[in-house]
Amino acid sequence: MGLMPTSVSGWNRTTPRRSAPETAAARFELAGTMKTGMPEASDVTSLPGGRFLVVGDKKDSAVIIGADGKRTKLELPGLKNGNSQLEGVAFDAQRNHLFVSREESRELLRYEWNPDKSAAPVLEKRFEVDGGGPKNKGVEGLAYVPGDVSPTGEPQLLLAKEGKPRELSLLGDGGKGKPLPIKLEREVLAVCRDFSAVAIDPKTGHLFLSSDESATVAQIKLVRDGDKVIGKLVQSFPLRDEKGKTLDRVEGLSFNDQGDLFVLTENTGLLHRLARK
């Protein structure tokens, strides 16, 4: 494990980094689906032990899906009854922080929560994320970026703004400072007409970005260039089911530890597994 000096937007220290990630395009094959039981499902994040947590924008609770497919309800305090507005979710397994984004109220909530214990999540912090534009075009996707794969060398939250305008940015996981915009190559914008979900590949450290309107996933390498972070397109591929039909309303992406990609569709409430080849 080498050491990499960092000096991006206020970060100035030497941080342990993983060896240089592979840059080849990842390959997947459809390997089945599971029901989430979440109406109007809006995002998914992986948990330790092969589990997943799914949120929806009408529910004040989340659903935990076990490796065996068993579903468990998880109450999330601090949300208005029946109007959660939840559009994004991310989990930091190192510090047991659960993050959720509320699109219309333009805020992030951080909970202390250990998924291996029976204690309920504790809401410990709220911070505002105001990107301007229509209220229903706020933070649509959320992902946690560990420091060892982050282009800044620091743990970050990756925020995806759906449109008007389309934006990706990095924010310190404590909510301090302004988001650092990611400058995307024109090739990325060409294949993704909107941004509906984001995830970080544990195998490469690459960003995976889905577009609901384009029914596409883009694999993007994040590169630091001075004080900027640039997103370079590695590949893009269509999202289809086992019958070759386009997957509609893709709202969430996540990876398990083995690097399999999971795709959440809102209307069906299904989690589609794309096994890594």
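## Close-up views of a predicted model

**View 1. The largest pocket and its lining.** In this predicted model, 29 residues line the largest pocket, and those nearest its centre are Ser46, Phe91, Tyr144, Pro146 and Asp257. The volume of this pocket is about 600 Å³. Five elements give two or more residues to the lining: β4 (41–47), β8 (86–92), β12, β16 and β20. Several of these strands come back in the views below, so keep them in mind as you browse.

**View 2. β8 and its hairpin with β9.** Let us begin with a strand from the pocket lining, β8. Is β8 mostly covered or mostly open? Mostly covered, as seven of its seven residues are buried. Strand β9 (residues 97–102) runs antiparallel to β8, and six bridges join the two. Look for Asp92, which has His97 of β9 standing opposite. Four residues lie between the strands of this hairpin, and Asn96 takes a positive phi near 55°.

**View 3. An open sheet of four strands.** Here the strands follow the order β3-β22-β21-β20, and their pairing is antiparallel. The edges belong to β3 (28–35) and β20 (250–255); each has a single partner strand, so one side of each is left without a neighbour in the sheet. From one strand to the next, the twist averages 25°. At the β20 edge, five bridges tie this strand to antiparallel β21 (residues 261–265). A handy landmark in that pair is Leu253, with Val263 of β21 opposite. Remember that β20 also gives residues to the lining of the largest pocket.

**View 4. The largest nonpolar core.** This core has 21 residues, and the ones that touch the most other members are Leu158, Leu168, Ile182, Val198, Leu207 and Leu209. Which strands supply at least two residues each? They are β12 (139–145), β13 (156–161), β14 (167–172), β15 (180–184), β16 (197–200), β17 (207–211) and β18 (216–225). Apart from this core lies another one, of 16 residues, including Leu47, Ala62, Leu76 and Val100. As a general point, nonpolar side chains tend to be buried together in soluble globular proteins.

**View 5. Leu207 and its contacts.** Zooming in on one core member, we find Leu207 touching Leu158, Leu168, Val198, Ala199, Ile200, Ala218, Gln219, Ile220 and Leu222, leaving aside residues up to four places away in sequence. Its strand, β17, is mostly covered, with five of its five residues buried. Which way do the residues of β17 point? Leu207, Leu209 and Ser211 point one way and Phe208 and Ser210 the other, and all are buried. Such a pattern is familiar, because side chains in a regular strand alternate between the two faces of the sheet.

**View 6. β17 between its hairpin partners.** On the β16 side, four bridges hold β16 and β17 together in an antiparallel pair. Ala197 and Ser210 stand opposite each other there. Six residues separate the two strands of this hairpin, and Gly205 in the turn has a positive phi of about 80°. With β18, strand β17 pairs over five bridges, also in the antiparallel sense. In that pair, Phe208 faces Gln219 of β18. The hairpin of β17 and β18 has four residues between the strands, and here Ala215 takes a positive phi near 50°.

Notes. Residues numbered from 1 in each chain as written. Predicted model: local features only at pLDDT ≥ 70, side-chain atom pairs only at ≥ 80, totals over all residues. Heavy atoms only, no water. Pairing = 2+ DSSP bridges. Axes fitted to C-alpha atoms, helices over the stretch in contact; angles between N-to-C directions. Core = buried A, V, L, I, M, F, W, Y, C linked by side-chain atoms within 4.5 Å. Buried < 20%, exposed > 50% of the residue type's maximum accessible area, 1.4 Å probe, protein only. Contact = heavy atoms within 4.5 Å. 1 Å grid on protein atoms, 1.4 Å probe; cavity = no way out; pocket = protein on both sides within 12 Å on 5 of 7 lines; lining within 4 Å. Points joined across faces, edges and corners; volume = space filled by probe spheres on them.
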